[in-house]
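Let's take a walk through this protein, starting from one small region and then stepping back to the whole chain. Keep the structure open beside you as you read.

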Amino acid sequence: MPEVRQDLLLKHRVIFAPERAARPFEHRSTANLQPLSRCPFCVGHEELTSPAVLELPAIEPANPSKWGVRVVPNLYPALSSSPTASRASLHPLAEAGVGQHEVIIEAPHHATSMASLSLGQFEIVAESYRQRMTAIRRAGHAQHISIFKNEGASAGASLEHVHSQLIATPFVADAVTRMSTAAAGYFSASNTCFFCDAMRSELEQSERIVLANDDFVCWCPFASRFAAEMCLMPRQHRSCFDDLDDAELKKFAFSLCECLIKLQRVMPQVSYNFVIHTAPFADANSSHFHWHLQIMPRVMGLAGFEVGAGCHINIMLPEVAAAALRSV
């Protein structure tokens with residue numbers, strides 16, 4: 001029987017209708033990512049990308065390479081790093097799209113799934129996230145930074161070689177503002193962090209927990225918008241991802257690796273997005289914002305109701321998803 005749940009922080013509603021998973025699909029997507037004859041992200045093809053802003057050394061002697069992770073400006077950026085993007089005739093409610101858009105190439109040799117990478121490779125990918133976030137924060141030109149991943153055609157990826165992206169904006173995105181404002185309101189009323197309280201509650205109930213170690217906890221949110229959606233969060237309160245120390249960064253890499261392997265075992269070849277929710281730069285070291293990573297499998301596309309009503313329909317209860325993921 002369908003069930004309606006409301007998110008505890010942002011108050012959006014989700015309809016859970018597991019029975020819809022059995023409905024027939026006459027039209028199936030045939031949009032598969034096709035490998036290019038010369039993949040621009042493979043080692044040896046560096047001339048096909050912009051010059052790197054960061055290269056971290058390779059760590060795998062069994063598969064040697066001149067770099068392990070490479071970060072380059074996006075050739076087709078959503079925002080321009082050049083102030084010349086301004087136009088004299090901008091509408092009063094418009095502003096120049098100035099910011100940074102970078103691609104984090106997660107492996108030198110061709111790979112199509114992040115879950116297939118070694119734990120060591122996960123660690124240098126995480127290190128590249130931290131270094132770029134720290135550098136952009138110190139530059140002082142942006143108000144917020146989003147690091148995200150699109151894996152698979154259904155998740156919006158245009159190239160199959162494993163990569164993630166970084167966009168630094170001169171504003172704080174609406175969704176981040178709503179999250180930060182709601183969390184600040186909760187802290188003002190209770191003098192505690194909503195995210196810390198939510199994690200503590202999930203650990204006590206345990207039925208939606210996917211994994212828990214000394215440093216990180218992952219669970220399927222109570223009002224998950226996507227089937228097998230996961231939230232990965234550090235136990236220690238930190239508002240910004242780049243505040244992680246070396247030991248915590250390694251544990252983050254281990255935990256993310258485990259989550260993605262679980263997801264690929266339960267839903268083989270599923271497309272997914274993940275995004276690191278870190279505090280706006282103005283809220284760094286805040287007591288109300290707790291950074292976390294959200295994983296959103298794209299089992300089904302968004303249809304008219306989701307787009308028109310702003311209400312997701314999910315075919316899998318989080319308790320069912322968590323049990324399947326835990327069993328891996």
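In this predicted model, strand β9 pairs with strand β10 in the antiparallel sense, and four bridges link the two. You can find β9 at residues 216-219 and β10 at residues 230-234. For a landmark on this pairing, look for F216, whose bridge partner in β10 is P234.

β9 has another antiparallel neighbour, strand β8, which covers residues 209-212 and is joined to β9 by three bridges. Here a good place to rest your eye is I209, which stands opposite W219 of β9. If you follow the chain from β8 to β9, you pass through a hairpin of three residues.

Now turn to the side chains of β9 itself. Which of its residues are buried, and on which side does each one lie? On one side are F216 and C218, on the other V217 and W219, and all four are buried, so both faces of the strand are covered. Here buried means that under 20% of a residue's relative accessible area remains. The residues you met in the pairings, F216 with its partner P234 and W219 opposite I209, thus include one from each side of β9.

With that region in mind, zoom out. The protein contains six helices and 13 strands, and of its 328 residues, 48% are buried. What share of the contacts between residues at least 6 apart in sequence joins residues at least 24 apart? That share is 67%. As for the outside, the protein exposes about 15,800 Å², with 55% of that area supplied by carbon and sulfur atoms.

Technical notes. Residues numbered from 1 in each chain as written. Predicted model: local features only at pLDDT ≥ 70, side-chain atom pairs only at ≥ 80, totals over all residues. Heavy atoms only, no water. Buried < 20%, exposed > 50% of the residue type's maximum accessible area, 1.4 Å probe, protein only. Contact = heavy atoms within 4.5 Å. Areas by Shrake-Rupley, 256 points an atom, 1.4 Å probe, with all protein chains shown as cover. Pairing = 2+ DSSP bridges.
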